Amino acid sequence: DFHRLMLQDVERLDGLIDHLLDAARTLNRRPAGSAEVTELGPLLEQVRTAVALRHGVAEDRVRVDCSSGLRVRGRETDVEIVFRNLLDNAVKYSMPDLEVDVTATAGKGIVTVRVADNGPGIPLSERHAVFRRFVRLGSELERSTPGTGLGLYLVRSLVKQMRGRVTAKGRLAQPGSIFEVELPAAS
């Protein structure tokens, strides 16, 4: 039990350090030009596999629907950080009855990726605040989900650098959240 607790703490600290380093890197560099292109489908599949493995859930609980050939303008590492954070949050906050859907569509020079989960959702008044640094919803004493409050800040910062947009929405017919990322499409 002691070793298990130590490993959990090491993993938590490792995640915190990774988030802090990612945040520092995004703040201290110039935005990339539009020269780099990332193939979205394989990247989303790779992120899904990594997140499912990390949380010990079956991959089929996180469904990805992405047309082949969808490409966005942006560094592959930046795009990976964006969707790793969004999927990680979707899985974390949807446990134990996890249902996450990722859909990617293109139109008018924009690729839109929607990450929908069946978690508790985000109150309308807090949807803009969740993108600020170190913001976590709820009371610290009642919180059961680990986190740093940096993931969505990284998402917003990177999407903005890629000349895109990210928004948080509620689901109309059921509980949960939808994060919608719009990125410039690459031909």
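Select helices α2 and α3 to begin, since their axes come within 9 Å and cross at roughly 40°, where axes are lines fitted to C-alpha atoms, for helices over the stretch in contact, and angles run from 0 to 180 degrees between N-to-C directions. That angle makes α2 oblique to α3, given that angles under 35 degrees count as roughly parallel, over 145 as roughly antiparallel, 65 to 115 as roughly perpendicular and the rest as oblique. The contact (heavy atoms within 4.5 Å) involves several residues of α2, among them Leu-40, Leu-43, Leu-44, Val-47 and Val-51, and several of α3, including Val-79, Phe-83, Leu-87 and Val-91. An α-helix has 3.6 residues a turn, so residues three or four places apart point the same way. Seen in the viewer, α2 passes α3 in a right-handed crossing; a crossing is right-handed if the near helix is turned clockwise from the far one by less than a right angle, and left-handed if anticlockwise.

Before moving on, note that this is a predicted model, in which local features need pLDDT of at least 70 and side-chain atom pairs count only at pLDDT 80 or more, while totals for chains, interfaces and linings use all residues. Residues are numbered from 1 along each chain as its sequence is written, and side-chain values use heavy atoms, with hydrogens and water left out.

**The whole chain**

Colour the chain by secondary structure, and 4 helices and 7 strands appear, following the pattern α-β-α-β-β-α-β-β-α-β-β along the sequence. Helices here are DSSP runs of H or I with at least four residues, strands are runs of E with at least two, and both are numbered from the N terminus. Of the 187 residues, 41% count as buried, where buried means under 20% relative accessible area, exposed over 50% and partly exposed in between, with a 1.4 Å probe and protein chains only. Among contacts in the chain with a separation of 6 or more, 68% come from residues 24 or more positions apart.

**Helix α3 and its second neighbour**

Select residues 76-92 for α3, whose 17 residues should span 24 Å at 1.5 Å a residue, which agrees with the 24 Å between its end C-alpha atoms; the expected span is 1.5 Å times one less than the number of residues. Of these 17 residues, 13 are buried, so the helix is mostly covered.

Add α4 to the selection: the axes of α3 and α4 come within 9 Å and cross at roughly 145°, and α3 passes α4 in a left-handed crossing. Here Asp-78, Ile-81, Val-82, Asn-85, Leu-86 and Asn-89 in α3 meet Gly-151, Leu-152, Leu-154, Val-155, Leu-158 and Val-159 in α4.

Now isolate α4, residues 151-161, where 9 of the 11 residues are buried, so that the helix is largely enclosed by the rest of the structure. Arg-156 is found in this helix and is partly exposed, with a relative accessible area of 31%. Not counting residues up to four places away in sequence, Arg-156 touches Phe-131 and Val-166, and its C-alpha atom is separated by 8.5 Å from that of Arg-132, 24 residues apart along the chain. Just beyond the helix, α4 is followed by Arg-163, whose phi is positive, near 65°.

**The sheet**

Next, show the strands: 5 of them form an open sheet in the order β2-β4-β5-β7-β6, with mixed pairing. The edge strands are β2 (62-66) and β6 (165-170), each pairing on one side only, and the twist averages 15° from one strand to the next. Two strands pair if DSSP finds at least two bridges between them.

At one edge, β2 and β4 pair in the parallel sense over 5 bridges, and the bridge partner of Val-64 in β4 is Val-102. Show the side chains of β2, which alternate: Val-62, Val-64 and Cys-66 point to one face and are buried, whereas Arg-63 and Asp-65 point to the other and are not.

At the other edge, β6 and β7 (residues 177-184) pair in the antiparallel sense over 6 bridges, and Lys-169 has Ile-178 as its bridge partner in β7.

**Back to helix α2**

Finally, return to α2 (residues 40-55), which packs on the sheet, touching β2, β4 (100-107) and β5 (110-117), and whose direction makes about 175° with that of β2. Within α2, select Glu-45, which is partly exposed, with a relative accessible area of 30%. The C-alpha atoms of Glu-45 and Glu-59, 14 residues apart along the chain, are separated by 9.6 Å.
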